[in-house]
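Reader: Hello! I am new to this structure and would love a close look at a single part of it. Please choose one and take me through it slowly.

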There are 2 protein chains.
Amino acid sequence: MPSVTLKMIAKELSLSVATVSKALANSYEISEGTKAIVLEAARKMGYIANPYASSLRKRRSKTVAVVIPEIADSFFAKVINGIEEVALSYGYHVLIYMTHESLSREQAIMQDFRSGRVDGILMSVSEETDTVEHITAVMDSNVPVVFFDRVREELPTTCVITNDFESSYAATEHLISKSCQKIAFVGNSPTLAINRNRESGYKSALKEHNISYENVLICGNDPKSDYKILSSLFKSDGRPDGVILSVEKLIPLLYQVCHDLKVEIPSQLKVLTFTNFAMAEFLNPPLTTINQPAYDIGKVAAQTLFKKLARSNHIAEAESIVLPSEIIFRESSN
Amino acid sequence: MPSVTLKMIAKELSLSVATVSKALANSYEISEGTKAIVLEAARKMGYIANPYASSLRKRRSKTVAVVIPEIADSFFAKVINGIEEVALSYGYHVLIYMTHESLSREQAIMQDFRSGRVDGILMSVSEETDTVEHITAVMDSNVPVVFFDRVREELPTTCVITNDFESSYAATEHLISKSCQKIAFVGNSPTLAINRNRESGYKSALKEHNISYENVLICGNDPKSDYKILSSLFKSDGRPDGVILSVEKLIPLLYQVCHDLKVEIPSQLKVLTFTNFAMAEFLNPPLTTINQPAYDIGKVAAQTLFKKLARSNHIAEAESIVLPSEIIFRESSN
DNA sequence: TTATCTATCGAAAACGGTTTCGTAAATAAA
DNA sequence: TTTATTTACGAAACCGTTTTCGATAGATAA
């Protein structure tokens, strides 16, 4: 509750509310003298504008939303850091929403955004998302959306991604060069473009090297069933000698499985992961990782969004900004 | 921009705006018949209330703020998950702000909250925070604050913390039981209560066991200088045989230092850390950790805040909710 | 001298809801 | 039948800004 309002300042200075408002907005209509007087009074009285009154009238909220699955892993944490950094510099506020990989939650969240609550949206879709109506609906109501990481490239907007296909291709080739012959790929959702790109990078590399063994696993959200899926991998006959993890969350699980089944990394199994966290080097064994530039993805996505916000009539067309990932070779794939 | 407003529905149904508003709010003043008609029309027309108009009039934003240093480590990520979960169930929105350990940023953020932007605040103070005027100012303007993790216990509100003193005491005793004689403690900020509690737990245990060696290091935000501080520790004469890390962020750094200086864990140095992340078990060597119940801390803090919000005249008194941490013994301290 | 600017300010209408208060009709109480 | 009460709704004020549109006085141009 804003104790001091424009009206109070106006009364105090025997000016009109309009004049005070304009003075604080540094309008050309107001003389430098009164501006100084108003500014001083506002400061002294501790005036802080009511953002809701302001947003209502200006039809702009100075707020953006970040919609993500969750902040379980380090990737989204760093992305948010990047976003917040940029938002701050633009004087924007950041609302955060988690879908917990649920389409219905995502739909409810997006529905709310048609109210004008936010001026723009930064989002990474859930695993379940197999329709985009809830997204196009808010885009149609003139709220720009910028995707990052988990994108929907078919929509007419900007996607900030990494070179997933290439990274995955290179990762697969790397394992092949280490004489792996049976390489498995573990992803999460077949509907996610990011996952499909990685998968096809993996498959292309196999094809290129005439390797017929191909094994794509889908792990979900439940650690228990994921554990089963992963462990069954090593109990089967076509036991792999290399694994590419597409999901950071599965790292501890894979290490656990290998530990429990006494599968030795890297002698019996070479491992390589898409991830983004500092401790990979100090794991046992040190983990080869494909590092996504998470912080920069957040920054670039936010900057792109603010550019769209600046231009009232931005052209809505599909576009991809690709930030390269970096493979860091460590013992787990040696 | 909300394309369809109350006025439009009113006109469509030849009702007054007031009636429509009350009908949607399920007011007793409106007959069930008209309620049904209004609800149906609102649904069909795709009405979504403008939150800014609503907040302006109701003087409630249905929004809470989370103010934290940053989401660099897993702790705050999990806390936010817990907070978001609770906020969602209350129909609240979550604004997120990072101080980046800067007091002036924290002050600017809190200053803004005197505008009525948020109904309540969940916060973990920055390392630099050595004054609380900016916090009491918003509390005085009737915006409740609940602290978690990095708290200021002198303020008349609720703090959600873990049993830092006891955990640190137990951790120190554990190292002593492993026949460590020279145990160092690495904290971040001497102004933070959480750090002081851990430090005194450490010191009390030493005193209790008549150990005179006492070594408290302060590491800041800069990895380079932190590296120097940590490495100088092992170059000095009074080289420790045990270390307690109070800060998760320093784990990779410590492992790096030990690696570079060829200090072997745990034979030459036993290590133990306050942290909260799943991979500790798979580090080399597996790291003994004091796990904070991060997710629960977020949940409890949020629930406490919403309780305060529910009661308009909540009594403002200092109170601590202590959630116990859990020590998980692993090889690094064996 | 008169007409035209220019600079500076205020009245009032938005923005889109919520809430108070009044009122007419229907019902209950006397 | 008269009076009191309840039910169901609308008119209008209000939340605190922003913005449009005048209005006025003084300066300038014709």
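Author: Let us start at a phosphate oxygen of DNA strand D, which is 2.9 Å from a polar backbone atom of A:L6. This is a predicted model, so local features need pLDDT of at least 70 and side-chain atom pairs count only at pLDDT 80 or more, while totals for chains, interfaces and linings use all residues. Residues are numbered from 1 along each chain as its sequence is written, chains are lettered from A and ligands numbered from 1 in the order in which they are written, and side-chain values use heavy atoms, with hydrogens and water left out.

The pair at A:L6 is a polar contact, meaning two N or O atoms within 3.5 Å (within protein, one must be able to donate a hydrogen and the other to accept it, and residues adjacent in sequence count only if both atoms are side-chain atoms). Chain B reaches DNA strand D as well: a backbone N or O atom of B:S31 lies 3.0 Å from a phosphate oxygen. At B:T34 the side chain takes part, with an N or O atom 2.7 Å from a phosphate oxygen of DNA strand D.

Now step back to the whole surface near this strand, where near means that a residue has a heavy atom within 4 Å. DNA strand D is surrounded by 27 residues, and the closest are A:R57, B:T19, B:K22, B:T34 and B:R59. Of the strand's atoms that come within 4 Å of the protein, 62% belong to sugar and phosphate. Helices α2 and α4 of chain A, along with α2 and α4 of chain B, each supply at least two residues here; helices are DSSP runs of H or I with at least four residues, strands are runs of E with at least two, and both are numbered from the N terminus. By class, the residues are 10 nonpolar, nine polar and eight charged. Here Ala, Val, Leu, Ile, Met, Phe, Trp, Tyr, Cys and Pro count as nonpolar, Asp, Glu, Lys and Arg as charged, and the others, Gly among them, as polar.

What about DNA strand C? It has 26 residues around it, with A:T19, A:K22, A:E29, A:T34 and A:R59 coming nearest. Sugar and phosphate make up 64% of its atoms within 4 Å of the protein. Two phosphate oxygens come up in the list of contacts: a polar side-chain atom of A:S16 lies 3.0 Å from a phosphate oxygen of this strand, and a polar side-chain atom of A:T34 lies 2.7 Å from a phosphate oxygen. A base is reached too, since a base nitrogen of DNA strand C is 2.7 Å from a side-chain N or O atom of A:E29. The elements giving two or more residues to this surface are α2 (17-24) and α4 (51-58) of chain A together with α2 (17-24) and α4 (51-58) of chain B. The residues divide into nine nonpolar, nine polar and eight charged.

How do the two chains relate to each other? A rotation of 180° with 0.0 Å of shift along its axis superposes chain A on chain B, with an RMSD of 0.1 Å. The two copies are therefore related as by a two-fold rotation axis. The superposition is by least squares on C-alpha atoms of residues with pLDDT of at least 70 in both copies. The copies also meet through the same surface, because 100% of the interface residues of chain A are interface residues in chain B too, contact being heavy atoms within 4.5 Å.
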